[in-house]
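I opened a new notebook page for this structure. I wanted to look up its ligand site and its internal cavities.

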Amino acid sequence: MNRYWTLARRPPPPWPDADTFALVEAPMPQPGPGQALTRTIYVSLDPYQWGYKRRGVEPEGAPCHARTVAQVVESNIDGLAPGDFVFCTNGWSEYGLMGEGVARPGYMVPRKLDPAQGRLSQAVGVLGMLGLTAYAGMILQGDPKAGETVVVSAASGGVGQIAGQLAKLKGARVVGIAGREEKCRFVTGTLGFDACVSHLSPTFAGDLAAACPAGVDVYFENVGGPVFEAVLPLFNPGSRMTICGLIAHYGDTAGDAGAAERAAAEARGATVTNLFVGDYVEGHHDAFLADMVPWVAEGKVKYLEDIREGLGAIPAAFAEMLKGGNFGKMLVRVSPDPTLQRSRPSGTSKR
Ligand SMILES: NC(=O)c1ccc[n+]([C@@H]2O[C@H](COP(=O)([O-])OP(=O)(O)OC[C@H]3O[C@@H](n4cnc5c(N)ncnc54)[C@H](OP(=O)(O)O)[C@@H]3O)[C@@H](O)[C@H]2O)c1
């Protein structure tokens, strides 16, 4: 049998509760011609998944969407054998099909993984879509120059930690914004940002201004709302803002998320660019991996993961992440990772 989480009822505003998801048991899917059956190892939990549920992209009763790392169990696909590892989109599910004719919301073309490139879990993180997001948003869009001041919100999260380190590699002065003190210490102490301020502090806006004495040239926006409002007065002439995400708005039930931020930043003379990572997969994925694999291997880009254990942990971990409870990229390991028996990885915050 296969087990997976489904959306039990259309989410109530603003965040998921105990009745939002249901665990379902169903017969094991059988791979047809051109398809493979895979066993999920890592499920990536990302803020955008809440948007899928809020906007009705996911049909009720189907496995909740997620990017995953999995191992092939049975294959009718040339070049893919049992035991191979793949990036795929099994969702919040123990097993899933990939290949010809498989269609579901958020389905992405699977990719065979080379475990020598990095930890398997990194294929849904720094060496996957999140790494590409940071790379596209910071290097290709923000394009920071040596000596410029770059601000990154949600700085200890899955995207933010990479975006800030890429700006450091370009010679910029980088200021992070994060929640708890523990996260701020990680951002400066481990990731090497020049400063990090907490948006939870009552003196947040003043702290940010003090950390950016020469103003802000590039703002990598993951959050919006009050965090954005503190950055706004600091924009320099000619500044650039990349809107990667607006997590503060993901619980909103009305309004055009980001419209107010865009208008206010443009009124101050900033150039504002929306980021959609999908636009960069075809033209930039290979160049991104060619850069990022050695940066990670050499420790030039560090990456913290927050890995929870077991399929049952998914709904609570997801709800926690939406409220800042994750410390690093949030993942759930739903079955053993065979590569970990060979070597013990560093850079994971295990709970
Ligand atoms: N444009 C694209 O193609 C693309 C692709 C991938 C991701 N994204 C977006 O990138 C953003 C970051 O994603 P991620 O995967 O890196 O998430 P993440 O940072 O791992 O997790 C979310 C973090 O956001 C912070 N946060 C949550 N609510 C907040 C609030 N109301 N005010 C301030 N901070 C808040 C929390 O950190 P603190 O505790 O530090 O506050 C939380 O840990 C998201 O908005 C996501 O949707 C966009």
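My entries on the ligand and on the cavity search follow.

**Entry 1: the model.** I note at the start that this is a predicted model.

**Entry 2: around the ligand.** I looked up which residues surround the ligand. There are 27 of them, and Val-159, Lys-183, His-199, Leu-275 and Asn-326 come nearest. I then sorted the shell by class. I got 17 nonpolar, 9 polar and 1 charged residues.

**Entry 3: contacts at ligand oxygens.** I checked distances next. His-199 has a side-chain N or O atom 2.6 Å from an oxygen atom of the ligand. For Val-159 the atom belongs to the backbone: an N or O there lies 2.7 Å from a ligand oxygen. Tyr-250 uses its side chain, with an N or O atom 2.8 Å from an oxygen atom of the ligand. How much of the ligand does the protein bury? Alone, the ligand exposes 910 Å², and the protein buries 89% of that. I also looked for elements that give two or more residues to the shell. These are helix H2 (129-142) and helix H9 (314-322).

**Entry 4: position between domains.** Why does the ligand lie between two domains? Domain 1 (2-124 + 303-350) and domain 2 (129-274) both give residues to the shell, so the ligand lies between them.

**Entry 5: cavity search.** I searched the whole structure and found 1 cavity of 30 Å³ or more. Its volume is about 110 Å³. Its lining includes Arg-111, Asp-114, Arg-119 and Leu-289. By class, I recorded 6 nonpolar, 3 polar and 3 charged lining residues.

Notes:
Residues numbered from 1 in each chain as written. Predicted model: local features only at pLDDT ≥ 70, side-chain atom pairs only at ≥ 80, totals over all residues. Heavy atoms only, no water. 1 Å grid on protein atoms, 1.4 Å probe; cavity = no way out; pocket = protein on both sides within 12 Å on 5 of 7 lines; lining within 4 Å. Points joined across faces, edges and corners; volume = space filled by probe spheres on them. Nonpolar A, V, L, I, M, F, W, Y, C, P; charged D, E, K, R; others polar. Near = heavy atom within 4 Å. Polar contact = N/O pair within 3.5 Å; in protein donor to acceptor, adjacent residues only side chain to side chain. Areas by Shrake-Rupley, 256 points an atom, 1.4 Å probe, with all protein chains shown as cover. Helix = DSSP H or I, 4+ residues; strand = E, 2+ residues; numbered from the N terminus. Domains from an automatic or database assignment.
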